[in-house]
Amino acid sequence: MTLSHVLLLASALFSVGVYGLLTRRQVVAILLSVELMANAANLVFVAMSRFRGGVSGQIFAIFALALTVAEVAVGLALVILLYRAHSDTRVDLASELKQ
Amino acid sequence: MKELATLWLPLAVSALAVVALLVDLMLPVPPPGGARSKTPAPVVGWVVILGLAALFCVSFFHETNSGTAMHGAYRASYFATYLQRLFLMGGLLGALGGLDDVAKRTPHRQGEFWLMLLSSLAGMMILPGARDLLLIVVAFELMGIPLYIMAAYSKTDAEPTGAGVAPRGWASEAGLKMYLVGATSTAITLFGLALLTGMQGTTKLDLLAATPLSPLAALGLVFVLGGVGYKIGMVPFHMWVPDTYQGASTPFVAFLSVAPKAAGMSVLTSIFLFGLGAHKDVWLPPMAIIAFLSMGVGNLLALPQTDLRRLLGYSGIAQMGYVLVALAANDAMGLGMVLFFLTAYLFTNLGAFLVVHTAAEAGGGYTFASLSGLHRRSPGLALSLLMFLLSLAGIPFVIGFWAKLYVFLAAWRAGLIGLVISGIVLAVMGLFYYLRVLQAAYMTDEGDLPTPQPPPALQLAIGLCVLAVVGLGLWPRPLIEASTRAGVEMMAPLQAAQAQAAVKLTQR
Amino acid sequence: MNSHLLSIIVAAPAIAALIVMFISERDGANSRLAIRLVSLVGAAISFAGSLVAIRTYDKALGGLQRVEDYPLIPSFGVHVKLALDGWGGPLLVLTGVILFAGVLASWTVKTRDREFFALLLVLTAGVFGVFVSQDLLVFFLFYEIAVLPMYVLIGIWGSSHKVPARGPFKFVWNIFDIGGKQYAAMKLTLMLLVGSAAIMAAIFVLFLKAGGTTFDMGVLANTKYDRQTQIIVFPLVWLGFGTLAGVFPFHTWSPDGHASAPTAVSMLHAGVLMKLGAFGVMRVGMVILPEGARYWVPVVGAVAAINVLYGAFCAMNQTDLKYIIAYSSVSHMGVVMLGAATLTTTGWNGAVFQMVAHGIMTGLFFALVGLVYERAHTRAILKMGGFANVMPGVAAFFTLGCLSSLGLPGTAGFVSEFMVFLAAWKSQHYFWAIPGVLGAFITAIYVLRATRSIFWGPGPSHDFHDLSDAKKTEWGAIVILGSCLVILGFWPRLILDYIDPGSVEYLGKVLAPVSALARLP
Amino acid sequence: MTRPVMYALVALWTPAIAALALAALVPLRKKGWPAAAVAIFSSLVSLGSAIALFMDRLHDEVPQQLVAPWIHAGSTVVAEVGVRVDGISASMLVVVTLVATCVQVFSVGYMHDEPPAAYGRYFTLHALFLFSMNTLVIAPNILQLFAGWELVGVTSYLLIGFYFKKPSAARAAVKAFWVTKFADMGLLFGLLVLFAATGNFGWDAKLSHGVATAVTLLFFLAVVGKSAQFPLHVWLPDAMEGPTPVSALLHAATMVAAGVFLVVRTNPLFAQAPATRMVMLGLGAATALFAALLALVQTDIKKTLAYSTCSQLGYMVAALGAGSMLGGFFHLTTHAFFKALLFLAAGSAIHAVHSNEITDMGGLAKKMPITASAFIVGSLALAGVPGLSGFFSKDLVLEAVEGQLSNVPYAALMLTAFLTAFYMGKVVFVAFFGKPSNEKAAHAHESGLSMSGPLMVLMVPTVVAGYFGATFAHVQGEHYHFHFGTGPAVASSLGLAGIVLAYFVYGRGPRTEQPAAVALVDRIAKTRLVNRVYEYGFHNVTLVVASGLAFVDRYVVDGLINLLGYGAIEAGRKARPIQSGFAPDYVLAVVLGVVGLAVWAVFGSWR
């Protein structure tokens with residue numbers, strides 16, 4: 001179980017998150033996949049700290065968790081706004097501003 | 001105690017935020033359902049404005065240019081003080097501009113907007129001095145998240161179009177788009193940082209460049225560049241800019257288009273110039289490409305625009321392209337000129353947006369038609385718009401001319417000849433849409449739009465901006481000397497260190 | 001000797017512009033008069049100042065005199081350094097004359113005259129600045145200030161003109177209304193700013209290669225740039241400034257710009273601003289980059305020769321009076337560039353003299369065109385005819401202008417063209433003189449053809465009802481300019497004695513390393 | 001500042017001051033007669049000083065000169081202006097000022113029914129003309145000569161176009177100016193070549209053979225234009241649109257002679273170029289014959305005299321081509337007098353009959369004795385009848401031309417002498433003898449003193465000038481004495497024969513059809529071949545090139561620049577839809593951007 005295995009797992013997780021981000025219709029699902037990408041980053045932090053020593057990785061992971069949580073909270077607030085405006089949370093509803 | 005002394009300015013801003021919250025609490029809450037007769041006076045707004053103005057003045061008397069805090073994570077310097085003053089001025093002008101718009105949009109929940117503004121400002125305060133990647137990320141997020149809220153902040157969605165029909169949910173759409181791109185960028189930044197700090201073994205900026213960059217670290221570096229770039233509106237990450245500028249309330253966009261970009265630039269400087277200055281050959285080519293793309297796409301897509309907010313949005317992207325050119329110079333004069341350009345850009349773009357907002361308030365929406373006959377309706381406003389456009393276009397005797405000239409000169413001195421030439425050519429393409437706005441304001445006179453009467457606070461904000469743009473244009477010497485001092489002070493030790501590092505590398 | 005005359009000359013129009021802006025529009029008639037008087041006073045101060053400057057210029061001593069140095073950004077070596085050299089004197093006087101005549105000629109501007117006069121004065125302040133500034137960056141600064149008011153002046157007070165959509169690029173017509181005043185203003189400004197972009201790049205190289213400490217032109221001229229840099233940078237300067245001087249491929253803004261501009265503006269623009277371009281090429285391009293100049297001179301001369309013939313032939317085909325004069329300006333500026341390309345004292349004297357002579361000629365022409373247009377409300381010369389019967393004075397001065405432009409001895413036009421052709425024939429590219437002389441002949445054709453179709457022939461047709469000769473204020477402009485032409489024609493040494501030391505001094509720098517043979521006059 | 005130089009300066013500057021005064025003091029000009037007084041006074045003063053100058057020349061051979069630097073470059077003086085007094089300039093000055101004064105006096109009467117403003121303008125232009133001609137005559141170097149040359153060209157343009165209301169006058173004025181200006185390019189180029197070779201504009205420099213030929217050929221091109229030699233003679237007949245005194249002064253005596261004067265003045269240069277002389281000889285003789293033929297068929301009295309001037313100029317050019325500077329110059333002098341006399345007499349006749357056609361005149365001898373006698377004396381002198389001035393100068397020319405180019409030019413000149421006598425006879429018999437053809441001719445009466453006075457004055461030199469040949473030569477520093485050889489005998493007999501034939505053809509009553517030979521020439525002349533060539537050349541070449549280039553400028557060069565703007569805007573318009581408004585697209589852009597950078601960072605910098 002070396003560092004490269006974990007990195008592979010993390011990047012797999014990251015790319016799944018990106019895929020979900022691009023294809024899902026519902027905004028909530030998009031939030032979910034962003035969350036996934038952030039967790040992949042946390043995984044790398046912890047792995048680095050485990051295999052390359054030093055405690056800064058783990059500290060960083062905890063802070064990152066806090067940050068992403070705050071972000072998702074705001075994201076959900078925006079979803080509610082979208083729903084209140086269009087009574088649905090599909091992402092293509094928010095496309096009046098263009099060109 | 002000594003640590004608190006070095007951190008007194010960011011702490012003061014947070015304190016101001018708390019005070020604003022308290023004042024908001026004490027205000028009488030209108031009876032539920034009762035006749036909401038007239039909109040209450042923007043008391044909280046004035047408190048914030050006075051607070052920021054006081055802090056800005058005090059920052060000149062009580063300068064803390066040295067000393068560290070948070071165990072070395074934060075180090076004060078003249079560079080930090082210069083940027084902090086810049087953010088304070090940005091916040092002050094943004095607040096002045098937005099005072100009446102916020103009161104109009106959400107008369108009874110004004111406090112919340114000011115709280116968001118101040119917390120974002122607090123985040124910005126810390127950024128320039130941050131020497132630790134962790135602190136940088138936290139401060140960056142502290143600045144970013146409130147912006148999503150402020151962008152989506154308008155319950156009544158009163159889009160001041162003359163047509164009277166209020167399109168539903170423009171502001172919320174703007175906020176949502178900004179949020180989606182922002183969230184993705186944050187995730188990418190975190191992933192990049194994870195790789196970078198992991199491989200380099202430290203999160204301290206000063207030690208970051210100790211070991212040469214492994215491919216994985218380079219990958220992380222690039223992810224960080226992309227992630228942070230979103231805030232500045234660099235080209236591949238700029239798609240949210242025009243829609244958000246069109247959707248959100250314009251005084252907020254005036255603030256959004258200036259202060260956060262400056263903060264983004266300070267993050268880039270910290271990470272790339274201070275942290276990884278030695279490994280320039282890794283991050284310079286991508287930054288040069290991004291700079292070229294920003295200038296190109298910014299100017300090109302601004303040409304066909306009819307909505308003034310989108311046009312100024314794209315123009316902002318192009319202006320940031322010029323800053324990146326100076327940043328890529330990676331030397332003392334380059335950094336100095338980045339600061340100088342950001343100051344010039346702050347006053348110019350903020351003023352331009354406020355003038356466009358005032359003209360739109362008087363009817364005619366945000367299209368060119370709203371400006372027609374402006375010279376007759378209110379000569380003062382037209383003259384200030386003229387000054388801002390000249391500054392954006394880089395025509396003499398306004399600050400924009402010196403800014404653009406020295407940005408390109410610094411880059412040319414550092415040898416980025418190709419980039420500068422393409423910059424100059426693309427800038428000329430930009431002149432076309434600046435002159436077209438000028439043409440709408442000065443030469444066309446159809447329609448009988450009423451004369452715009454901006455509220456006193458807005459007038460003060462525009463007045464300050466014009467004063468700065470013309471004053472500094474005629475007498476740029478103090479500002480140039482200040483920005484050069486900041487640049488030299490930060491880069492001199494680094495360049496010495498890099499010189500030793502280079503020598504060491506060659507010996508081994 | 002730290003006198004402040006030069007800064008007074010440069011600042012007078014700018015201050016007058018400021019005052020004009022703050023004159024309130026309230027009480028109609030006398031506020032309009034106040035605006036005009038203030039502008040006239042501003043113009044008079046700078047004109048008198050330029051006369052004093054040229055009178056007290058010590059010809060024997062030569063070199064830079066009346067030096068004034070105000071630091072603007074010392075840390076970057078930017079000083080507002082004003083000084084008068086041999087060339088500066090006559091060009092200052094020319095600008096003074098044309099500005100004075102311009103203000104007189106635009107006495108009857110009706111709409112928004114406050115902004116009109118303010119912009120006109122700012123434009124001229126920029127021009128004055130360029131002729132006396134010795135610091136390259138400040139030179140560029142004043143150069144840009146002189147360019148931008150043109151946009152607003154043509155855009156607001158200009159006149160449109162329909163151009164039929166034809167030729168290979170017809171599709172361009174559906175987004176630009178070619179010939180309209182907005183289009184003309186936009187094209188003029190953009191092309192000139194593209195030129196200034198090239199100049200900016202050149203300034204960077206000059207500044208950095210000279211140690212990056214100062215922009216002072218004297219210092220830059222003494223630094224020995226390596227041959228490769230000079231060969232690359234000179235075309236930048238030549239085409240940058242050349243666009244304003246109407247160099248061949250980039251001259252197309254001039255006909256539209258001048259035809260759409262109001263009278264005083266086209267007087268100032270063709271009369272003075274185009275000289276700025278040629279002055280820039282000689283003063284910045286040739287003096288600071290001698291080797292580059294010598295390398296590129298054959299091309300500069302060839303293009304100038306094309307300019308002369310091309311401009312003359314195009315002018316012959318025009319039916320709009322202002323277009324004829326605009327194309328003739330392109331042709332005459334070709335003569336200036338030809339003189340500059342010879343790199344001999346006579347050639348440079350001829351070039352600078354032609355700048356002054358052509359400045360006066362075009363000023364006279366556009367003043368007269370303004371008078372004719374005000375009365376006939378049309379510029380199509382085919383519709384006009386027999387105007388001499390009604391306005392003999394205007395006809396006489398128009399003929400005088402024509403004779404000077406075709407190079408009649410006894411008028412200023414001949415002196416400069418003769419010097420330039422002489423120098424061209426003696427330089428190693430002697431075949432340049434042939435298109436020059438041919439151009440002068442073709443100028444004779446289109447100029448007299450225009451005079452015949454406007455002024456000669458039976459009485460004016462009946463649809464021109466209010467034709468009358470010039471009135472009192474209008475006489476001022478044309479009499480001053482007309483008499484200048486004849487005086488300079490009979491006794492050119494009046495200004496040649498000032499131009500000559502300037503040329504000898506600057507040429508010394510250009511031909512320093514070259515053998516004595518090339519130094520023949 | 002010796003006395004002759006002072007005289008020359010006075011002769012030069014009085015007409016200049018007069019012209020300037022009349023131009024500047026508008027009321028003085030607008031009133032009419034005061035302008036005439038000022039002009040005539042100034043020409044009288046300059047005549048007086050010219051005569052004093054000539055007298056002084058008789059006993060003082062050394063040429064006097066006063067010059068001042070006009071254009072200088074660095075230390076070297078490029079061009080000088082000033083005054084030069086020597087044999088040639090003194091004698092030419094007398095001729096010019098005398099004829100000018102007579103014409104101006106004559107004009108007082110001839111132009112008195114013009115409106116005062118136009119009257120004033122007329123005399124201002126006359127003063128300007130005299131000043132320009134004097135500048136040309138007493139020029140110390142060829143540059144000032146060129147300056148005078150062009151100024152004279154402009155005054156001729158203004159004077160031909162005096163009646164600018166008439167479109168034909170306007171066309172004639174412009175045509176005259178363009179043709180002469182085209183030819184002047186030759187003089188300008190000659191100056192450039194001369195300066196390149198010698199460094200100054202003097203005419204006594206020693207040039208290499210090639211340069212000398214080039215300079216003189218270029219000068220000769222200008223002479224062909226100004227003195228209306230064969231290819232470029234088209235403008236002279238049209239120049240008759242101007243008032244007749246103008247035709248007398250400019251297009252007979254002085255201006256057209258400027259070309260010949262140039263060759264006389266720069267004789268040292270022409271001496272070094274035998275080739276050019278051969279060309280002059282040939283072209284001069286050809287023009288003489290060609291113009292004489294054309295004069296034959298003219299019915300307009302002024303056109304006939306114009307072609308006759310063309311022909312006599314051919315004589316002078318041929319003489320100079322043959323190498324005899326004196327012959328050409330002496331014929332120029334005598335021709336100036338009798339041709340001016342002829343024109344003024346014709347003017348007086350036209351003034352009386354109000355028509356130029358000789359068929360409208362007839363039997364004027366009885367009604368207008370002075371005019372008729374003046375015209376007859378002039379015609380006899382022109383025909384070369386022995387005793388009158390024409391005979392002596394023509395003899396000199398023929399003597400010089402004899403034996404050169406296998407005598408072809410000699411024969412041509414002899415034939416021209418006969419034709420000249422014939423067509424002058426025709427004019428005399430048709431216009432002055434026989435019966436008056438219409439009632440206007442019948443009521444014609446002799447013109448007033450102001451017009452007949454100058455006629456009488458000019459009659460004196462026409463008769464007497466021939467006998468002063470020796471003094472004339474002495475002033476030039478050459479020697480000449482008349483001897484009655486075979487040449488003069490043949491020439492004068494041909495002249496007499498011509499007159500007799502004219503009497504038989506035209507003397508006895510009005511004729512309906514023309515003699516066969518004349519009819520043939522008439523038909524050829526009607527084709528106006530040369531004029532049509534020029535008009536075709538102008539319209540189809542110059543105007544086509546002009547419109548072509550104008551099209552290229554407006555639609556191609558300008559088009560390319562518009563294309564740049566158009567391209568930028570179109571690119572912007574096409575790139576706009578990328579901003580689709582669909583949020584995931586934006587995120588896609590972010591991801592692609594990062595992936596692109598990543599690929600660049602990992603592979604790009606490692607290459």
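**Contacts and helix packing in a four-chain complex**

Modeller: In this predicted model, chain C puts 45 residues in contact with 47 residues of chain D.

Biologist: What makes two residues count as being in contact?

Modeller: The cut-off is distance: their C-beta atoms must lie within 7 Å. Of the five pairs of chains in contact, C and D share the most contacts.

Biologist: Which elements of chain C give two or more residues to the side that touches chain D?

Modeller: They are α11 (290–316), α13 (345–376), α15 (412–426), α16 (433–455) and α18 (493–510) of chain C. The most comes from α16(C), with seven residues. By class, this side of chain C has 32 nonpolar, nine polar and four charged residues.

Biologist: And how many residues make up the contact of chain C with chain B?

Modeller: Chain C gives 23 residues and chain B gives 22. On the chain C side, α5 (136–157) and α6 (181–209) each give two or more. α6(C) gives the most, eleven residues. The chain C side divides into 17 nonpolar, five polar and one charged.

Biologist: How do you know whether chains A and C touch or do not touch?

Modeller: They do not touch, and their nearest C-alpha atoms are 20 Å apart.

Biologist: Which word fits the pair α6(B) and α7(B), parallel or antiparallel, and why?

Modeller: Start with the angle. The axes of α6 (residues 133–151) and α7 (residues 170–200) of chain B cross at roughly 170° and come within 9 Å. Angles over 145 degrees count as roughly antiparallel, so α6(B) is roughly antiparallel to α7(B). Among the residues in this contact are B:Val137, B:Gly144 and B:Tyr148 of α6(B), and B:Gly175, B:Met178 and B:Gly182 of α7(B). By class the contact has eight nonpolar, six polar and one charged residues.

Biologist: Why are α2(A) and α7(B) called roughly parallel?

Modeller: The axes of α2 (residues 27–52) of chain A and α7(B) cross at roughly 10°. The limit for roughly parallel is under 35 degrees. The pair therefore counts as roughly parallel. The axes come within 9 Å. Residues that meet include A:Val34, A:Ala41 and A:Phe45 in α2(A), and B:Ala187, B:Leu190 and B:Phe191 in α7(B). This contact has 16 nonpolar, three polar and one charged residues.

Biologist: Which residues touch the most other members of the largest nonpolar core?

Modeller: B:Phe191, B:Leu221, B:Val325, B:Phe341, B:Val407, B:Ala411 and D:Ala340 do, in a core of 703 residues. Helix α15 (residues 332–361) of chain B gives the largest share, 21 residues.

Biologist: What is B:Leu221 in contact with, leaving aside its neighbours within four places in sequence?

Modeller: Its contacts are B:Gly192, B:Leu196, B:Leu213, B:Leu276, B:Val282, B:Trp283 and D:Ala601.

Biologist: Is D:Trp600 buried, partly exposed or exposed, and why?

Modeller: D:Trp600 has 15 other C-beta atoms within 10 Å. Buried needs 20 or more, and exposed needs 12 or fewer. The value falls in between, so D:Trp600 is partly exposed. D:Trp600 lies in helix α26 (residues 583–604) of chain D. Not counting residues up to four places away in sequence, D:Trp600 touches B:Pro285 and B:Pro286.

Biologist: What makes helix α11 of chain D mostly covered?

Modeller: Nine of its nine residues, 257–265, are buried. They include D:Phe261 and D:Arg265.

Biologist: How many helices and strands does chain D have?

Modeller: Chain D has 26 helices and two strands. Of its 607 residues, 58% are buried. Its C-alpha atoms fill a box of roughly 115 × 60 × 60 Å along the principal axes.

Biologist: What share of the contacts in chain D with a separation of 6 or more comes from residues 24 or more positions apart?

Modeller: That share is 81%.

Biologist: How confident is the predictor, and what pLDDT does chain D average?

Modeller: Chain D has a mean pLDDT of 88, with 99% of its residues at 70 or more. Chain B averages 86, with 93% scoring at least 70. In chain B, residues 157–166 have a pLDDT below 50. That stretch still has 16 contacts beyond near neighbours in sequence. Where pLDDT is low, predicted coordinates should not be read in detail. For the complex, the predictor gives an ipTM of 0.87 and a pTM of 0.90.

How values were computed:
Residues numbered from 1 in each chain as written. Chains lettered and ligands numbered in written order. Predicted model: local features only at pLDDT ≥ 70, side-chain atom pairs only at ≥ 80, totals over all residues. Helix = DSSP H or I, 4+ residues; strand = E, 2+ residues; numbered from the N terminus. Nonpolar A, V, L, I, M, F, W, Y, C, P; charged D, E, K, R; others polar. Core = buried A, V, L, I, M, F, W, Y, C linked by C-beta atoms within 7 Å. pLDDT = per-residue confidence, 0-100. Axes fitted to C-alpha atoms, helices over the stretch in contact; angles between N-to-C directions. Parallel < 35°, antiparallel > 145°, perpendicular 65-115°, else oblique.
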